[in-house]
Amino acid sequence: MNLSELLIELLLMPLVAFVIGLGMVLMMRKIAARLGRRIGPPLLQPIYDIIKLYGKRTQISHGLIHEIGIIMAVGGYVAAETLLPVPGMNGLADKGGVITLAYVMMIPSLGMALGVGQCANPNGSIGISRALTAMLAYDIPFILVIFGAAYVYGTTNLADIIAIQQQQGVSGWGLMQMPLLALAGMLALPAVMGKQPFEIYIAPAEIATGPMVEMSGKFMGGLFVMQCFQLYTAGVLYTTLFLGGGAYWITFLPKIYAVVAIPMAAAMLFPRYRTEDVIRLMWKWPVLVGLMGLAVAMK
Amino acid sequence: MTPLDQLLLLSALTVVVPLFTGNRRITGPLATLLYTGQGLLLLRMAGLGYGSETPVSSAVSLQVLGLELHWRFDALSWFFALITIGAGLLSSWFASGEWAQRYRDSGSSLRLFHAALALNVFTMLVLLASGELLSLFIGWELVSWASFLMMSLGSNTALRYAMRYVTYAFAGAMAVLMGLVLVYTRTGSFEFQAFRDAVPSMDADTVWLLFGLFAAGFGVKMALLPFHLWQAKAYAETPGPGAAFLGAISSRMGLFAMIVVLVQIIGVARLVELPVPFTFLSGRDLLAWVAVFTIIFPTFTALRQHDARRLLAWHGIGQGGYMLLGILIADDLGSAGGLMHVFNHATYQAVLFMSVTAVIHRTGTSDLNKLGGLVARMPLSFLAMLIGIIGLAGLPPMNGFVSKWLVYRALILEGSPLLFLGAVIGTLGTILSVYKLIHNTFLGQLRLEHVDIEEAPSSMLWPMMILSTVVFVTGYFPGLVLDWIASVQAAVGLPVLAHHLGGVHIDKGGLDMIWVVSVLLAGFGVGALVFLSGNRSKRVHQLDNYAGGHFLTADTRYQYSDNFYPGLMHLIGPWYRKSFRWLEGGFVSTVDTVSQLMQGLYRHTHPAFYLLAVVVFALSWVMGGD
Amino acid sequence: MNELVLMVALPLLTAFLLPVIDRLSSLAARWIGPLVLLLTAIIGLSAWSQTGSGAITIELGNFRPPLGIDLYVDQLALLFALAVTLGTLLLWPAEGEQRLRQSTLALLLAGSGSGLALSGDLFNIYVLYELIAVVSYGLAASRGTAAGQAATLRYLIVSAFGAALALAGIALVYQATGTLNLAQLAQLAPTQLNNGQGLAAFVLMLVGFGVKAELFPVNTWVPEVYATAPARVAGLLAGVVSKLALLIIVRLLILLFPQPEALTVMLVLGILGVLTGELAAWRARDFNRMLAFSSIGQLGIMFIAFSIPGKAGVFAGLAVALHHLVVKPALFLLAQRWGGSLEHLAGVAKGSPLAAALFILLALSLIGVPPLPGFWAKLLVMIHLLEQQSSLYALGAWIIMAGAALEANYLFRVASSFYRREAAATPPAAHRTGDLAGASLLGAALAAAVFLIVPLADRIEAMAGQAADRDHYIQTVNPEPLP
Amino acid sequence: MSKDLNIWLDDLLGDIENIQFKRKSSRRVRVDVGSEALPALLELLQGRASYVHLSAISCVDWIEDEEFELVYHVWSYETRSLVSAHTRIPREPGVYLSIYDLYQPAAFFERDIHEMFGVFFEGSPDMEKFILTEWDGPPPMRKEFDSEAFVNQHFEWEQYHPQWLKDLEEEGGGVTTRPEDIRL
Amino acid sequence: MSKLDNIPVRHQPTEAAGRKRTNPLAHVFDELVKFCQSRSMFMLHYCTGCGAIELPPAMTSRFDMERLGIQPMVTPRQADILLITGYVSIKTLKRIILTYEQMQSPKYVIGICSCTVNGGMYWQSYATAKVLKDYLPVDVYIAGCMPRPEAVISGMRELMSDIKSGRAQNWKRYYENYDHYLGNQQKLFGEDWQTPTDIIAEARHYGLMTDRTLGEHTALLEKHQRPLEALEMRLSAREKQKT
């Protein structure tokens, strides 16, 4: 794989991720609408929102760190996408394994936290403190699942993990080999994606959408782009670990959308949990199931 | 006069020079020059760091009471010496500019501070150069007393905490001495080699006893869990640059000694065979679990601190756990991770302490509830703290990530999920508390009284900038540090890590930081492009803020800083029961009551009665004898 | 060679003549004491080189040993004699209006002390021991306060009772062997004294002489006497006189009672001494009392050290004894002004930085911080203790370690209070130049020992070897065989 | 049960002189009392007759009689009946004493009346502006204050008379009476 | 009321359609942005008066504004449309102006209910502002004493077509003749009225200054306005003397 091919891949993967991410955002809003017996937004609504936000004539910024925060948020995920192998493009999977990916996924939230910090808005700070607590909550089962998968496959390189699962076909999938770990992953997924029951940090009425309180125009646009990447990364990582990852696109896309659709459908029916309930929930069931899965997988 | 002797001589000179130049302004720069001299002398022995040279021994050797003392430098001591002299250099540079003036005006003596710092560096070099167990112990005692001197330079409370440290340190030293003498009686000499040859023949109980004594003795200095209460307060109260130095390297001397004794001599393999009765754990697992709990408990205590220095000091304890955990895994990845974490932690802990001292220098307080919004007035200190906290939290662009990645990769390969989980809980706790630190100090609402403060003086900024660049560069090219570590692994007898400039290449998932960080920077570039595609944004005043239709005014303080993680504290609040402080209190009160009992003996009781009792007892025992 | 007898005779003579001299001219009376001590010290030093090769014995009045009294002078004895004379010179207690009485008592102390160190005859030892006891009563009560009188009275009772026990022990020995000369006793010991009666005699004498050597059960008098007596006297008692008593016990141990049971008795009492001394000192609120308890602890360590059989035990014990001999008087000299409760010592370093620095140097050496000689002594004791491969000795080692940790705590609690920012309400007065000079002299000696550690160690080892060699003792004295 | 309570109340109020009391219905009683006797009456009702709840104080501006009428509505949970005590105070000094010590909620009602009618209640904890913080004109609820005149003087109107409205009016449609001609 | 059939229908505006197409690609990007702005409007969830009760039915399943791309947003920073629903009391007008200035343009104001047109049924009240237009530029009025959700949505569609055709430029008028608006506001709230947003600096920043932006009312404001320039990062005191 020579350098130029790799560079093309590095350019292509984020774009692909962005487009699929937009589809996921649309699907999320459609599911939410359909559950409320509404028609839901038109097909290209996420694109319209983003273009409108970037097209805003005036924007306010609270300082250089506010701008750098948004740049880190979008840039962090662009870098994270290159670590996620997709059919035909392995990107940097072998350069940094799944642990590196888990850490690179933390950079955008830290960047956003810095940006919101400089806005000097109490709502923002409360939102960020809740977001970081939620991250502490969901990262423990998430890391357990990653450890289990890395141990069972014996490697942290995602490209190898896909290859191993592809060999035995469907029976080789992570889901088949370690069902409990897959279940734990699925339980933790809504929190990783930061969706409904676990998005107390965007509580609109209570703290005016928390971190996004002072985001206008291109800042808000950046966060919408980040949301697409967030959904995409969570979905693709789960598929790579448990659903045999991407061999060809036609099987890969339905898998990702299915993986993302399940938690979203469940999510829209729940009210938001308080922060301590998020932690209690995330540390109780997913961790329990995860540990059992680990015990089974490691014997 | 071998290079080692020259180094030790110059280091001793650095101790003497401040005593003469005294409180004048020249002391700081002069001391910094002397440290650079020491650094150059150390670099002359750089071969040690790259595995090419054999250990450099010192010409001096003593023959006392039939015991032979000699000193030598090998790759391990060279690596630690590099960090020590680097930290000493930058701390004294930090302490030589405006800070020195302020310190002197506040009535404390600059002579004593620089002498104490130099003494610390000298004693650490002596410890690192120890050739056998006795000189190791002598160096160990000198280091603990030198850091006692450094800690007691602060206010009265500093004296109290330094006093508490001395009790812990000396008790630990007594345990180590006991261990030494036990070894001497078994092997007949204090040589490392003799001890190493005798280990296989020792039965399990003696190895348990030695392991317990050495682990406890050295653990006190490393602030392992049961003995960690003294460190946070003592380091927080030490004057600014002193805290930066102590935080960076002082408690790693315990790790050095532990590597020398537990890893180099007894060997981790032997520890694995030591069974803990009634459990499936081995000696190594026991220490690994102590290390993991040392990661978790202090980090979550740091979360609750509202004084910046205390928060950082508690993190110093927490990060020590990673180093020990890494070394205890003892394969090429884990030990490299543990050793590299020593270097990484020294760099970002020093820069964090320095930036907090700069904030104290300008605003007068380090209480997180009284600061806020300083990024507008102290941007470079903010940059230094930002790079420091990304390092401390172990996130990719900085070097903290590489060492944590190595430790995690080793834990995965070795297959111990609970240790892995404990370490990750520690990392997440760190991320939470470091964000609280930077948010409450630099971000948020700038208070009225801080509107016209200035950036830290240049004498403080230069060390911070140098350290931040070191943190970033060694994160980008970890190979630079991994070379030294490979030679250390070779010297200590651990499997050597195959590495290249970017990181580690293993077929089952390696790490190439050059690619990861370049992609990250490229990602930031793309993010910037996407960001700049929008129209120009306008900077607004901090009062032009959404507050639910309320008109914000400058005199109201709306910064959210107290009880920063209410949700988490709501859940785990009751778990903070200060059980370790209760344990320490319990021990002290038992000693107190027993001492009261003994004093009762000497009150005006009837002495004659005692005499009679003893004699009758002795006679009966004797008469009974034949 | 006979002038060594002068070391004993001269001070006693001047002590008796002093009232007469005082009537002639008070100036002479004031300076005659130190002068005489200086003279005796010079005599002693001159004899030092001769005893280097082998011990010498002096028969008083040329009567052969079983009848006459002989002085046995080897390096160890001469060292202690010199220690007594120089100690009394350095800690010359005579000041204030009772100068005359105190100087006579001091001279008596010096004379009887050196006599005790040199004498080779058991009964002679007992007599001189009684003399020293009487002199110490006089000196201890010399301050004249009510508490002082009460403390000295209690001390008198214990000491007298102890002396009686010692006398009973000597009687048992005489009854068993028929002689009181140490050399002859050494010859007869393996046969006569190797039984229960011998051991009983040893225990009686151990407890008897132990009173002065601050042995565990009988040292209840120590805190009060040192707290109320003038600091210089306390320094003398704790520093010098207790070592003499210890010397006697060691002599008995080596020559008369080499049985293991004797060693174990001493070891047990030593361990208890360290335990009670260090723990009691932990709560001490008064500077003198703290030093008293600390000296009990240190002497406990000496007892443990000497209970190690053979040359190693004597070597280790001697090292600790010499180190304590230098440190304790210096501390008591500091106590001259810093006497009272510890609270009012807060922040005293600003007033007298030299005294505070000195205290820290002495404390560091006392707890055994490496470069200082205290560490080498403690290391020696630890090594030899653990070489015995017996659990009791190992227990002794653990107790010494714990004691050192405790000692570090309470000594440095005081030391760190010196450097507190705000001074105490009633700061102590500045030290008198005499005390400070004496203390810094001893401090300097300690610091010099750091660099001269190697030659010092060899010299002490030679001394211990010579002292522990029984048949060398017997040959030099070579008493006539009993009829 | 409430019938005999009402009877008991009627004769209780009956034997108090110079008050007129009229029972409007089984659960409504109106009492007219002199301004100085009102607090005593309320204390009596609160203490003895279980009228513990002060639901409102209302004020009526009798501009012709130069008087304000203060109506105190007190409610009893046991008898589930309302007593409204009417009293008249002269308009000019417009000062009356507060019943805050009897009923704490009175503070807000008095504050509101002070703001709207300008009646000053002595002893009331807080007489600051409450709702009309932006208003610095006379108390607006008083009859002599002409709101419409104030509005015409301070506010301009949108002269909105576009062509389509003119066509509409020519056809006879549109607004029947002009805003300025409307009288209530 | 007159018969329903001859209620007047607004005639189509003329000048937008007339623009001749010079270079098809010249404005394609602007066309796209305008199209997206019209298809994705964020409505500020801020009910100033009684008319707001009509908005939930417009958002929920029966009428579903989301299919038009309209989402309720919580903070003015993220919102494009400010719905002034119902009577505008003077106290509320202060908050409305603050919120309006915190919104980022292109921003639109929709006056729902007739109280915003000319005072509505509270035209006599001393406490309400009668003509909303004087205080901030309004794009669309939706008459009715609480118009039904269909009317609200038709108003929204009206605004969408204005945006698409580029006529909805009223937000510029606030910058261009800020003095007029400020004068009216000062008349109502008194001389020392000021908001934390620095409109004059924003106008200068975005190049929307005209001669009508500054006048005697802004001069009044300048006299007592608190300094509102942003906290620029600076390294040391030297720059302080310079500014």
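In this predicted model, helix α6 of chain A packs against helix α19 (residues 417-442) of chain B at an angle of about 165 degrees, and their axes sit 10 Å apart. Because angles over 145 degrees count as roughly antiparallel, α6(A) is roughly antiparallel to α19(B). The crossing of α6(A) with α19(B) is right-handed.

Who actually does the touching here? On the α6(A) side, the contact is made by A:S125, A:L132, A:L136, A:D139, A:I140, A:I143, A:L144 and A:F147. On the α19(B) side, the residues include B:P417, B:F420, B:L421, B:V424 and B:I425, and further along B:L428, B:I431, B:L432, B:Y435 and B:H439. Sorted by class, this helix pair brings together 15 nonpolar, 2 polar and 1 charged residues.

Stepping back to the whole contact between the two chains, chain A puts in 73 residues and chain B puts in 58. On chain A, several elements each supply at least two residues to the side that touches chain B, among them α1 (3-35), β1 (59-61), α3 (64-82), α11 (218-242) and α13 (275-298). The top contributor on that side is α6(A), with 15 residues. As for class, the chain A side splits into 37 nonpolar, 25 polar and 11 charged residues.

Strands get in on the act as well. β1(A) is joined by 3 bridges to strand β6 (residues 537-539) of chain B, and the two strands run parallel. One of the pairings links A:Q59 with B:S537 of β6(B).

Then there are some backbone oddities. Most residues other than glycine have a negative phi, and most peptide bonds are trans. A:T209 goes the other way, with a positive phi near 50 degrees even though this residue is not a glycine. A:T209 lies in the loop between α10 (204-207) and α11 of chain A. Is A:T209 buried or exposed? With 25 C-beta neighbours inside 10 Å, A:T209 counts as buried, because the cut-off for that label is 20 or more.

B:F278 also isn't a glycine, yet has a positive phi, of about 60 degrees. Its place is the loop between α13 (268-273) and α14 (283-302) of chain B. B:F278 has 6 other C-beta atoms within 10 Å, so B:F278 is exposed, the cut-off here being 12 or fewer.

Chain E has an oddity of another kind: the peptide bond from E:S105 to E:P106 is cis, with omega near 5 degrees. E:P106 is found in the loop between α3 (90-102) and β4 (108-112) of chain E.

Key. Residues are numbered from 1 along each chain as its sequence is written. Chains are lettered from A and ligands numbered from 1 in the order in which they are written. This is a predicted model: local features need pLDDT of at least 70, side-chain atom pairs count only at pLDDT 80 or more; totals for chains, interfaces and linings use all residues. Two residues are in contact if their C-beta atoms, placed from the backbone, lie within 7 Å. Helices (H or I, at least four residues) and strands (E, at least two) are DSSP runs, numbered from the N terminus. Ala, Val, Leu, Ile, Met, Phe, Trp, Tyr, Cys and Pro count as nonpolar, Asp, Glu, Lys and Arg as charged, and the others, Gly among them, as polar. Two strands pair if DSSP finds at least two bridges between them. Axes are lines fitted to C-alpha atoms, for helices over the stretch in contact, and angles run from 0 to 180 degrees between N-to-C directions. Angles under 35 degrees count as roughly parallel, over 145 as roughly antiparallel, 65 to 115 as roughly perpendicular and the rest as oblique. A crossing is left-handed if the near helix is turned anticlockwise from the far one by less than a right angle, and right-handed if clockwise.
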